[in-house]
Amino acid sequence: MNKFEHHIQQYISSLSLLHKDELYLVALSGGADSVCLLRCLKALGYHLEAIHCNFRLRGEESDRDELFCQELCQKLEIPLHLAHFDTRSYAQLHHVSIEMAARELRYAHFKNLCKAMGAGGVCVGHHQDDSVETILINLVRSTGIHGLTGIAPKNDYIYRPLLCVSRKEITDYLKTIQQNYITDSTNLVPDVQRNKMRLEVIPHLESINPAAQQNILQTAQRLADVVSILDGWMERVAQWKPRGPYWCFPLKEVTHEYILWYLLKNYQFTSKQVDNIYENRNNGSGRVWTSKTHELLIDRDQLVLAQRNNEPQKPLTILEPGVFRYDAKLKVRLSVTTAPISAQTVKDKRCAYMDFNQVSFPLVLRPVQPADRFQPFGMKGTKLLSDYMTDRKMSLFEKRQQLVLIDHQGHILWVVEERLADPYKMTKDTQTILKVEMLRN
C-alpha cells in the first residue's frame, strides 16, 4: 500500500464510508478521477464492479472512452456494466439542458443497477477540486449556507472516497502506478459554468493566493460544523404541527429567513419563493405559493402547508342508501334507522342525522361552490356558505376542500362535518332517520 492509497483508506475508515464485505459499483468514465478511484479501491481490496455510461454526445470520442473502459476492466478482471443513452432526445423531451439530461440519466441508472445487484452503493470520483468548484458555483448562484459546505462524502447511495485528495495528487498517483487515462475534450473548453470555474476563475484566485483552494475548503469545513450545530437546533424548534390533512407553523416564530428555509427545504420551493414568502409574511392572509409538490398559505397568524392534489374533486351522485367511495381517502355511508337516537350519538361530527321524510333522492356530495347558501341548524334565515366558513375561521385550503351534501333540487342538507341545515333536522315527529357517515382512511 503506497502513501496515496494509505491516505484514501484512512479517509474511508474515519467516516466508515465503505466496508470490505460489501459490493460497490464504481462509476467509470475513463478519465483520471474515475480510473484512479477504480485502481485505488481495487488495490485496497474492496469488492468492485464498474459502470460506464455512453451518452453518445461526442461521436468517436464516446466510443473511444467505452473501449478504454472495457480494456481496463478486462485487464483488472473487474466486471463492467455498459449503458447507452440517447441524451439529446431525453433533453428535448424533458425540456432540460444536455448537462442536466446526462446527470439525470446517469444517476437514475446508477440507482436502478445498485438496487438490482444488491450493491452497497455507487462510488464516484469527485475530489477536492470538484468541491471547490461546487462551492464557488453555489456562491455565484446565491445559495444558502448548505451550498457553501462543499460536496458531501456520502449522499444516499453515492460515495465519494477521493474527497480528501486534489486533482494533482490523483494524476501523480496514476503516474506512479503507470496507469494511463483518457481526457474528455469538452472539459478543456470554458463553455459551461463548471469549466469556467476550473479553467479561468480558480487559476485567477490562485494567482492572488496560491493556497486559495485549500483556504476555501477549510472555510467550507468550518461552515459544515456550524451547519451541523444549527440544524440540530432547528430540528428541535422548527417542526410542522399536523392539523388534519395540513401542517401548521406559528408565523411569529419565523424570526429569521433561515427558519423558513429549514421548514420548506424538503418541499421543492425555490430560493426565490422562500425570499418572497419571508418578505410578505406580515402582509396579510390569503397569499399562496406553489411548488411542484406542495402549497404554502399564510393564514392569519400561521403558515399552512398542504400537499398538492392535481386531481379535481368530482361530485358523487347517491341514488339510495348504501356505501359509496368519493375518492381514495373518503367513503360515505348512508343508512336508515328508526327514532329515537341518543343525544350523545348526534355529537359525532363525522355523522349527520336527518329526518328521512324531508330528504329527496338522488343526493350529491360535492365541493363548495361560490354561490352556495344554506340555512344553518338553529337559524331562521339563510347564509352564504362562504360567509359561514369565514366566520368559522377556515383557511383557504380548508374552504377549497369543504364538501356539502345536496338533494336533487340543489338544497344543501349538510355542510359535511360542520353543520346540518335546519329544514332537515330531526324533530319530535321524526320517525325514520337518515344517517350519513364519513369514513376516512
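1. Domain division. In this predicted model, the protein chain is divided into three parts: domain 1 spans residues 3-229, domain 2 spans 239-307 and domain 3 spans 316-440. The C-alpha centres of domain 1 and domain 3 are 61 Å apart.

2. The annotated C-terminal region. UniProt, in an unreviewed entry, assigns residues 363-436 the annotation "domain: Lysidine-tRNA(Ile) synthetase C-terminal". In the model, this span is 18% helix and 32% strand. The C-alpha atoms at the two ends of residues 363-436 are separated by 11 Å.

3. The cis peptide bond before Pro 362. The bond from Phe 361 to Pro 362 is cis, and its omega is near 0°. Pro 362 belongs to the loop that runs between strand 15 (351-355) and strand 16 (363-367).

4. The annotated binding site. Under "binding site", the unreviewed UniProt entry lists Ser 29, Gly 30, Gly 31, Ala 32, Asp 33 and Ser 34. Ser 29 is placed in the loop between strand 1 (23-27) and helix 2 (32-43). With a relative accessible area of 42%, Ser 29 is partly exposed. When neighbours within four places in sequence are left aside, the contacts of Ser 29 are Ser 34, His 52, Asp 65, Cys 69 and Ile 182. Of these contacts, Ser 34 is also named in the UniProt list.

5. Cysteines. How many disulfides does a search of the whole structure find? The search returns zero. Two cysteines illustrate the result. For Cys 53, the closest cysteine sulfur is that of Cys 69, at 9.9 Å; because a disulfide needs the sulfur atoms within 2.5 Å, this separation is too far for a bond. For Cys 164, the closest cysteine sulfur belongs to Cys 40, and the distance of 8.6 Å is likewise too far for a bond. Both residues are buried: Cys 53 has a relative accessibility of 12%, and Cys 164 has one of 11%. Cys 69, the partner considered for Cys 53, is also among the residues in contact with Ser 29.

6. Aromatic pairing within helix 5. The structure holds nine aromatic pairs. One of them is formed by Tyr 107 and Phe 110, which meet edge-to-face with 5.6 Å between centres and 80° between planes. Both residues lie in helix 5 (residues 98-117), where they are three residues apart, or about one turn of the helix. Tyr 107 is buried at 16% relative accessibility, and Phe 110 is buried at 2%.

7. Aromatic pairing between elements. Phe 374 and Tyr 388 also form an edge-to-face pair, with centres 5.4 Å apart and an angle of 90° between the planes. Phe 374 lies in strand 17 (residues 373-374), whereas Tyr 388 is part of helix 13 (residues 385-391); the pair therefore ties together parts that are 14 residues apart in sequence. Phe 374 is buried, with a relative accessible area of 3%. Tyr 388 is buried as well, at 5%.

8. Charges over rings. Which ring lies under the charged end of Arg 281? The ring is that of Tyr 278, and the charged end sits 3.8 Å from its centre. A second arrangement involves Lys 425, which lies over the face of Phe 377 at 5.7 Å from the ring centre.

9. Positive phi at Arg 300. Although Arg 300 is not a glycine, its phi is positive, at about 55°. Arg 300 is located in the loop joining strand 10 (294-299) and strand 11 (302-307). Its relative accessible area is 36%, so Arg 300 is partly exposed.

10. Positive phi at Lys 393. Lys 393, a residue other than glycine, has a positive phi near 60°. Its place is in the loop between helix 13 and helix 14 (396-401). Is Lys 393 buried or exposed? It is exposed, with a relative accessible area of 58%. The preceding helix 13 is the element that carries Tyr 388.

Methods: Residues are numbered from 1 along each chain as its sequence is written. This is a predicted model: local features need pLDDT of at least 70, side-chain atom pairs count only at pLDDT 80 or more; totals for chains, interfaces and linings use all residues. Side-chain values use heavy atoms; hydrogens and water are left out. UniProt positions are given in the numbering used here, feature names are shortened, and annotations may be inferred rather than shown by experiment. Helices (H or I, at least four residues) and strands (E, at least two) are DSSP runs, numbered from the N terminus. Domain bounds come from an automatic or database domain assignment. Buried means under 20% relative accessible area, exposed over 50%, partly exposed in between (1.4 Å probe, protein chains only). Rings of Phe, Tyr and Trp (its six-membered ring) pair if their centres lie within 6.5 Å; planes under 30 degrees apart count as stacked, over 60 as edge-to-face and the rest as tilted. A charge sits over a ring if NZ of Lys or CZ of Arg is within 6 Å of the ring centre and within 35 degrees of the ring normal. Contact means heavy atoms within 4.5 Å.
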